[in-house]
Amino acid sequence: MKIVINENSTIDETEIIINCRQADEEIMRICAGLRVFDKKVTGLLDGQTFLLNASDILYAEAVDRKTFLYTANGVYETPFKLYELEDRLAGEDFIRASKSCVLNFSKVKSLRGDFGGRMLCTLENSEIVTVSRQYAIVIKQKLGITKGESL
């Protein structure tokens, strides 16, 4: 198998083309593996439904029995429950931040310890999300910080 990567700064969207003699089982497995990177989630804004790339979501939050997706461009309501989003985004870099919030860890710019064992995550857009004590432990483990170390 030969892999060729062509970089071009004028291209807006990455395109993957597979040239093969026959689309056999191996090719189909490769395609399935690539689809993992193209996860979409629906979000409603101003009466319109949008397809959002999972990688564009900063975090998701449940408020008053509704779930909202926060991106750099706006706040979208989604029909998914928070636990459904977690399942749907499994394999992506989303982690639970609290009972009502799931955070895209790849959008975190900095972390800071807070009172009571909580953690404050500053996102790429400078918004701050509080991580509860229960889930701060999981983030510390993800970062390789041992129990005795502080953030």
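Cys20 (C20), with a relative accessibility of 39%, counts as partly exposed, a class that lies between buried, under 20% relative accessible area, and exposed, over 50%, as calculated with a 1.4 Å probe on protein chains only. C101, by contrast in class, is buried, with a relative accessible area of 4%. C101 takes part in no disulfide, and the nearest cysteine sulfur, that of C121, lies 9.0 Å away, where a disulfide is defined as a pair of cysteine sulfur atoms within 2.5 Å. By this rule the count for the structure is zero disulfides. In general terms, a disulfide is a covalent bond between the sulfur atoms of two cysteines.

The model is a predicted one, in which local features need pLDDT of at least 70 and side-chain atom pairs count only at pLDDT 80 or more, while totals for chains, interfaces and linings use all residues. Residues are numbered from 1 along each chain as its sequence is written, and side-chain values use heavy atoms, with hydrogens and water left out.

The protein contains three helices and 10 strands, where helices (H or I, at least four residues) and strands (E, at least two) are DSSP runs numbered from the N terminus. Read from the N terminus on, the order of these elements is α-β-β-β-β-β-α-β-β-β-β-β-α.

As to overall dimensions, the radius of gyration of the protein is 19 Å, whereas a compact globule of 151 residues would have a value near 15 Å; the radius is taken over C-alpha atoms, and the globule rule is 2.2 Å times the number of residues to the power 0.38. Along the principal axes, the C-alpha atoms fill a box of roughly 60 × 45 × 30 Å. Buried residues make up 30% of the 151 residues, and the protein exposes about 11000 Å², of which carbon and sulfur atoms supply 49%, the areas coming from the Shrake-Rupley method with a 1.4 Å probe and, for residues, with only the protein chains shown counting as cover. Among the contacts with a separation of 6 or more, 38% are accounted for by residues 24 or more positions apart, a contact meaning heavy atoms within 4.5 Å. The mean positions of the 20 positive and 22 negative charges are 7 Å apart.

Turning to single positions along the chain, I16 is placed in the segment before α1 (25-35) and, at 56% relative accessibility, counts as exposed. I16 and I145 are separated by 129 residues in sequence and by 37 Å in space, C-alpha to C-alpha.

The loop between β3 (57-63) and β4 (66-71) holds D64, and R65 is found in that loop between β3 and β4 as well. D64 has a positive phi of about 50° although it is not a glycine, and the phi of R65, likewise positive in a residue other than glycine, is near 65°. D64 is exposed, with a relative accessible area of 70%, and R65 also counts as exposed, at 84% relative accessibility.

After this loop and β4, the reader may follow the chain to G74, which is placed in strand β5 (residues 74-78). G74 is buried because its relative accessible area is 18%, and its C-alpha atom lies 9.8 Å from that of I57, with the two positions 17 residues apart in sequence numbering.

The last position considered here is K140, which belongs to helix α3 (residues 133-143). K140 is partly exposed, with a relative accessible area of 23%. The C-alpha atoms of K140 and M119, residues that stand 21 apart along the chain, are separated by 9.7 Å.

How values were computed: Lys and Arg count as positive and Asp and Glu as negative; His and the chain ends are not counted. The place of a charge is taken as NZ of Lys, CZ of Arg, CG of Asp or CD of Glu.
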